[in-house]
Amino acid sequence: MWSMGVLVSLAAFSQAHYHFSNIGVASPEWSFGRPVKNARDNGPVTDLNSIDMRCNQAGVGKSIFTAAAGGKMPVYYNQQPWHQGPYQVYMAKVPQGQSALTWDGAGQVWFKVFSAGGYTGGCKYSSGNYCFPDKWENPQVVTLPEELPAGDYLVRAEHLALHISNQPQFYIGCGAVTVTGEGRGTPEPLVAFPGAYKQGDKSVFNNFNYPKPVNYSPPGPPVWTGNSTS
């Protein structure tokens with residue numbers, strides 16, 4: 001039996017963090033997303049080599065959201081991600097014969113469609129003494145590339161919290177989407193999770209409190225916007 005002090009500490013820890021909730025709609029939770037392991041404690045993934053770096057999932061999906069290439073895809077957490085650090089979204093094309101509700105997303109299959117939090121020439125935010133927004137929008141509305149080919153995809157949301165020096169915290173979750181349209185692009189570069197981020201990567205392991213880096217680029221490949229990357 002846990003003591004009252006332990007229960008209070010767990011409650012405080014949970015309130016100080018957050019977890020991936022859904023894509024497409026705010027509720028019911030995980031209607032188009034996969035349940036996550038940190039749904040109760042809101043704890044982060046901290047091991048870059050863990051399989052949880054992929055989807056941090058505690059189960060399979062229920063339904064598949066539909067969005068058009070060039071259209072909007074809202075991504076939800078249970079509350080606004082607010083620790084300092086970048087917010088990114090990846091996608092992976094579901095192989096023929098597999099289901100977007102159950103496919104594990106293994107291999108070098110992930111490409112980036114959204115990235116926010118990079119900066120050059122010094123910090124742009126004065127409040128909170130951070131180099132990132134105090135809170136990210138929730139939902140974060142991602143515009144899908146117009147050249148994204150039609151089909152089923154896994155969507156991987158990632159907020160990387162960098163508020164503790166050299167102790168990165170990842171808040172990750174996955175959902176399923178069917179993309180419609182006439183896109184004929186070839187998403188690239190492709191990366192794997194785990195594997196895309198490495199121990200010692202300065203975009204992941206650094207002191208972002210003092211001295212603050214003058215320039216910062218979020219980890220991983222560039223964003224695929226259509227026929228080229230940026």
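## A walk around the chain

Start with the whole protein chain on screen: about 10,600 Å² of it is exposed, and carbon and sulfur atoms supply 53% of that (accessible areas come from the Shrake-Rupley method with a 1.4 Å probe; for residues, only the protein chains shown count as cover). What you see is a predicted model, where local features need pLDDT of at least 70, side-chain atom pairs count only at pLDDT 80 or more, and totals for chains, interfaces and linings use all residues. Residues are numbered from 1 along each chain as its sequence is written, and side-chain values use heavy atoms, with hydrogens and water left out.

Now colour by secondary structure. You'll find one helix and eight strands (DSSP runs numbered from the N terminus: H or I of at least four residues for helices, E of at least two for strands). From the N terminus on, the order is α-β-β-β-β-β-β-β-β.

Next, colour by burial. Of the 230 residues in the protein chain, 49% are buried (under 20% relative accessible area; exposed is over 50%, partly exposed in between, with a 1.4 Å probe and protein chains only). As for contacts (heavy atoms within 4.5 Å), take those between residues at least 6 apart in sequence: 76% of them join residues at least 24 apart.

**Stop one: the sheet.** Select E2, E8, E7, E4 and E5, which line up in that order as an open sheet of five strands with mixed pairing. Two strands count as paired if DSSP finds at least two bridges between them. Which strands stand at the edges? They are E2 (65–68) and E5 (110–116); each has a single partner strand, so one side of each is left without a neighbour in the sheet. Look along the sheet: neighbouring strands are turned by 35 degrees against each other on average, direction ignored (axes are lines fitted to C-alpha atoms, and angles run from 0 to 180 degrees between N-to-C directions).

Zoom in on E2 and E8 (residues 169–180), which pair in the parallel sense over four bridges. Pick Ala 68 and you can find its bridge partner in E8, Thr 180.

**Stop two: the salt bridges.** There are two of them, counted when a side-chain nitrogen of Lys or Arg lies within 4 Å of a carboxyl oxygen of Asp or Glu.

- Show Asp 52 and Lys 37: their closest N and O atoms are 2.8 Å apart. Both residues sit in the loop between E1 (20–23) and E2, 15 residues apart. Asp 52 counts as buried, at 16% relative accessibility.
- Then show Arg 156 and Glu 158, whose side chains meet at 2.7 Å, N to O. Both residues are buried.
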